[in-house]
Amino acid sequence: NNTSSVTINSAKSLSFGVNGALTATNITNNGSIDMTAGGTLNVATTGTLANGNNTFVGGTGTVAFAGSGTVSGTIGFNHVTLAGGVNFGSASTINGTLTLNNGGYVNVNAPFYGFGSTLKYNTGSASPYGRSTEWNTTSGVGYPHHVQVSNNTTLNVNNGTNVARQIAGNLTIDLGSTVSMEAMSIASPTVIGLTIGGKIMNYGTLNAGTSTERIKCEDFTNFSGGITTLSSVVGGDLELIGNYVDNGTYNANSRAVFFTGNGIQNISGSGTFDIDYMVINKASGEVVMLNDLKCEGPNGGNAITLTNNTDVLNLNGFDIIFGKTGVSSIATGSGKLKGHVNSDLTILGTGSFGTLNFDNSNNTIGSFTLNRTSSGAFGLGSNLIISGTLTLSDGSLSIGAYTLECQNAVNVSAGS
């Protein structure tokens, strides 16, 4: 049905069936609207939905705004779709999904977002969609739970505001869609520019642009076909309190990955995972390798930082390479490597690499190769057992007061 105005009188009700639909410009509810079974309430362009304090049961239904519109009163929506600017008043709640289609935006007043709800960017426009009123706080109205970017949409999170953003749940980037931090730069000291309370699930593109601020989340999964590019500017790093899974394309861009969560944090994916810089700073637990890893430190500096003496990088039977040929990078911190008889360790680069400590309960590795030019050096901070081959291609290995046990061949070229 299509009508200009609908009023539900006091003590009367309007109920929708699963396929029920009503289109009107102005809807005034003085009784009750029940969408438990589903259905669609279409609000025409320039329409109003006025509820006062009357009963509105969002159920499994959808309210679709065809253009601009206004909501007043207390309403708990299920799904809402927007194709124009809609003012949600002061007491609207989204319990399902708020979908911003082409032309859709939140005007003046954002809704509350219920637990488990989703703010979905679905514009499909070739031009980036600038995040705005729909997501503009870190609590209360305008603070989303989940965010999803779909339909080849590009979302500009910063949108020129240079204000830290946050969501309570997951960020999902669908295939063909992009989330961009653009040039987010918040006044010193560097802060977390984008905090995802749950997981980042990237099937599309996550681009940190030239942001100087960090992205923080629980688990980060770069799915096959997904592209993640960290910032080209210092500070635009990635911080994880959960696991990292990389089965897509990961461009570290000389930025760091920080592991700061409690308990076990796994690194896994397809092929060798290349983290340009790694910082482990955990109150408890280990970072566990489930695939081979490179920490090259391509711009020099701290390729690997094991901040505290309780910080542990568990090689877990996989190989690791520190440093990059021709680059002066170092290891820093008092944390430890937990060895494995099947894990090979290679240290490349120039100059002194510093000292690495090994966990005394697991201080056996497979083969060890040192190739540090320009008076390169590496020192043991604990006892070490090498079950495979020790190869000193270049640079000096300092044992100090510790014991080095080589159980197989030792090859010395220019090292000592």
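In this predicted model, the largest nonpolar core gathers 90 residues, and the members that touch the most others within it are Phe77, Phe88, Leu98, Met278, Leu313, Phe322 and Phe368. Strand 43, which covers residues 345–358, supplies the largest share of this core, namely five residues. Phenylalanine 88 offers a useful place from which to look at the packing: once its neighbours within four places in sequence are set aside, its contacts are Val71, Phe77, Val80, Leu82, Ile94, Leu98, Val106, Asn107, Asn109, Ala110 and Pro111. Phe77 and Leu98 therefore appear both among the contacts of phenylalanine 88 and among the core members that touch the most others, on the definition of a core as buried nonpolar residues joined through side-chain atoms.

Aromatic rings can also be followed as pairs, of which the model contains 10. One of them joins tyrosine 121 to tyrosine 129 in an edge-to-face arrangement, with 5.5 Å from centre to centre and 65° between the planes. Both partners are buried, because a residue counts as such under 20% relative accessible area: tyrosine 121 has a relative accessibility of 0%, and tyrosine 129 has one of 13%. Elsewhere, ring pairs link Phe220, Tyr244, Tyr250 and Phe273 into a cluster.

Tyr244, a member of that cluster, leads on to the pairing of strands. Strand 30 (residues 244–246) runs parallel to strand 33 (residues 265–269), and three bridges hold the pairing between them. Within this pair, tyrosine 244 has isoleucine 267 of strand 33 as its bridge partner. Strand 33 is in turn joined by three bridges to strand 36 (residues 287–289), again in the parallel sense, and here glutamine 265 stands opposite valine 287 of strand 36. In a regular strand, side chains alternate between the two faces of the sheet.

Further along the chain, three strands make an open sheet in the order 44-46-48, and their pairing is parallel. Strand 44 (364–365) and strand 48 (404–406) are at the edges and have a single partner strand each, so that one side of each is left without a neighbour in the sheet. Two bridges connect strand 44 with the parallel strand 46, residues 384–386, and threonine 364 finds its bridge partner there in isoleucine 385.

Which residues have a positive phi although they are not glycines? Asparagine 253 is one of them, with a phi of about 60°, and serine 374 is another, with a phi of about 55°. Their settings can be described in turn. Asparagine 253 sits in the loop between strand 31 (249–251) and strand 32 (256–259), where it is partly exposed at 34% relative accessibility. Serine 374, on the other hand, belongs to strand 45 (residues 368–380) and is exposed, with a relative accessibility of 58%.

The loop that holds asparagine 253 also holds serine 254. Is serine 254 buried or exposed? With a relative accessible area of 18%, serine 254 is buried. Leaving out its neighbours within four places in sequence, serine 254 is in contact with Asp276, Tyr277, Pro298 and Asn299. With asparagine 299 there is also a polar contact from side chain to side chain, at 3.3 Å.

A further buried polar residue is threonine 172, whose relative accessibility is 15% and which lies in strand 21 (residues 171–173). Beyond its neighbours within four places in sequence, threonine 172 is in contact with Val147, Gln148, Val149, Met201 and Tyr203.

The cysteines complete this walk through the model. A disulfide is a covalent bond between the sulfur atoms of two cysteines. In this model the count of disulfides comes to zero. For cysteine 217, the nearest cysteine sulfur belongs to cysteine 295 and is 18 Å away, so cysteine 217 falls outside the 2.5 Å that a disulfide requires. Cysteine 217 is buried, at 1% relative accessibility, whereas cysteine 406 is partly exposed, with a relative accessible area of 31%.

Note on methods. Residues numbered from 1 in each chain as written. Predicted model: local features only at pLDDT ≥ 70, side-chain atom pairs only at ≥ 80, totals over all residues. Heavy atoms only, no water. Core = buried A, V, L, I, M, F, W, Y, C linked by side-chain atoms within 4.5 Å. Buried < 20%, exposed > 50% of the residue type's maximum accessible area, 1.4 Å probe, protein only. Helix = DSSP H or I, 4+ residues; strand = E, 2+ residues; numbered from the N terminus. Contact = heavy atoms within 4.5 Å. Pairing = 2+ DSSP bridges. Polar contact = N/O pair within 3.5 Å; in protein donor to acceptor, adjacent residues only side chain to side chain. Phe/Tyr/Trp six-rings, centres within 6.5 Å; stacked < 30°, edge-to-face > 60°.
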